[in-house]
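Me: I've got this chain open on my screen and I'd like a close look at a single part of it. Could you walk me through one helix and how it sits against its partners?

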Amino acid sequence: MTPVQMLLVICPLVFLASFVDSIAGGGGLISLPAFMLTGMPMHIACGSNKFSACMGSIVSSIRYYKNGKIHLSSAVCSGILSLSGAVVGAKINMMIPNQLLSSGFVLLLPIIAGFVLFRKEKVRTQMLNGWRLYATCALIGFVIGMYDGLIGPGTGTFLIFAYTSFVGFDYVTASGNAKVANLCSNLSSAIVYFLAGMISFQVAIPAMVCSILGGWVGSGMAIHKGSRFIRGVLICVLVGIFAKLGWDLLISRVFLALLASSMGK
């Protein structure tokens, strides 16, 4: 693809991804496949995706904070540990051969989408406090931050799930805290990819603008419409994503079967 063709594919999908991610997480399930569709090497797709995602996360985090929808002390705790976890994950990512990484993503993304879509909604009735609150948020930040650096898609949703299930935040506060932790993991991952020369700026910078716009629109809607809206958007979008990724997985299996058959003749 030419750079213009790449942008025609990536920019609308990155806007949608940032919009969804600012509401309910899971934006990487849209944005990373968008970069992959252009045919760029997997490591550069991951790096460019992280760079553009950082900007959308910054905008979303600011809007949640200004509207009092972030539990700041626990968010900072998660964010600090998310930074270190993401560095570990991103370094592991770059140690994996490109072809193996691409195949792994094709297999893992439908599984991740399925978990996000079909998971049972569970909200802890009583919020943690004291050292238990901060220890739990630190553990959530490190583990999911490492996942974000290594794989990425679904990170925001996993954070929301963890905050509501194990900490006791409501969905709006969980979304706000998830933005802070996800921003930290995106930022540290992007720095690792940048230092390794794994970001295509001619594509990532326009995508960054779309990510900012999507994050601004989506976070505003989430703040004003609340938890039910967050859950509804997540389900509607992931139905389409899951169908698309399932189709990609089927096509890849058919291709591998045909390739094996032709080699056997």
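Reply: Let's start with the way α6 passes α7: the crossing is right-handed. Bear in mind that this is a predicted model. Helix α6 covers residues 130–150 and helix α7 covers residues 155–167, and their axes come within 10 Å and cross at roughly 160°. With that angle over 145 degrees, α6 counts as roughly antiparallel to α7.

Who does the touching? From α6 you have Leu-133, Thr-136, Cys-137, Ile-140, Ile-144, Tyr-147 and Asp-148. Facing them from α7 are Thr-155, Phe-158, Leu-159, Ala-162, Tyr-163, Phe-166 and Val-167. Sort the residues of this contact by class and you get 11 nonpolar, 2 polar and 1 charged.

While you're on α6, have a look at Arg-132, which belongs to that helix. Arg-132 has a relative accessible area of 48%, so it counts as partly exposed. The C-alpha of Arg-132 is 8.8 Å from that of Val-167, although 35 residues separate the two along the chain.

Now turn to the other partner, α8, which spans residues 171–195. The axes of α6 and α8 come within 9 Å and cross at roughly 40°, so these two helices are oblique to each other. Here too α6 makes a right-handed crossing. On the α6 side, the contact uses Gly-145, Asp-148 and Gly-149; on the α8 side, it uses Asn-182, Ser-185, Asn-186, Ser-189 and Tyr-193. By class, that contact comes out as 1 nonpolar, 6 polar and 1 charged. Asp-148 is worth clicking on, as it is listed in the contact with α7 and also in the one with α8.

Follow Asn-186 and you get to α3, residues 42–66, where Ser-57 is found. Setting aside neighbours within four places in sequence, Ser-57 is in contact with Lys-179, Leu-183 and Asn-186. Ser-57 counts as buried because its relative accessibility is 3%.

That brings us to the nonpolar cores. The largest one has 20 residues, and Ile-10, Val-14, Phe-35 and Met-40 touch the most other members. Elements giving two or more residues to this core are α1 (3–24), α2 (28–37), α3, α8 and α9 (201–225), with α9 giving the most, 5 residues. Apart from this core lies another, of 18 residues, among them Tyr-147, Phe-169, Tyr-171 and Ala-178. You've met Tyr-147 already, as one of the α6 residues in the contact with α7.

Back in the largest core, Val-14 makes a handy anchor. Leaving out neighbours within four places in sequence, Val-14 is in contact with Ser-31, Phe-35, Ala-207, Cys-210 and Ser-211. Ser-31 and Phe-35 are both among the buried residues of α2. In fact, 8 of the 10 residues of α2 are buried, so that helix is largely enclosed by the rest of the structure. After α2 comes Gly-39, with a positive phi near 85°.

If you zoom out, the secondary structure comes to 10 helices and 0 strands, and 52% of the 265 residues in the chain are buried. Among contacts between residues at least 6 apart in sequence, 83% join residues at least 24 apart.

Definitions and conventions
Residues numbered from 1 in each chain as written. Predicted model: local features only at pLDDT ≥ 70, side-chain atom pairs only at ≥ 80, totals over all residues. Heavy atoms only, no water. Helix = DSSP H or I, 4+ residues; strand = E, 2+ residues; numbered from the N terminus. Buried < 20%, exposed > 50% of the residue type's maximum accessible area, 1.4 Å probe, protein only. Contact = heavy atoms within 4.5 Å. Core = buried A, V, L, I, M, F, W, Y, C linked by side-chain atoms within 4.5 Å. Axes fitted to C-alpha atoms, helices over the stretch in contact; angles between N-to-C directions. Parallel < 35°, antiparallel > 145°, perpendicular 65-115°, else oblique. Left-handed = near helix turned anticlockwise from the far one by under 90°. Nonpolar A, V, L, I, M, F, W, Y, C, P; charged D, E, K, R; others polar.
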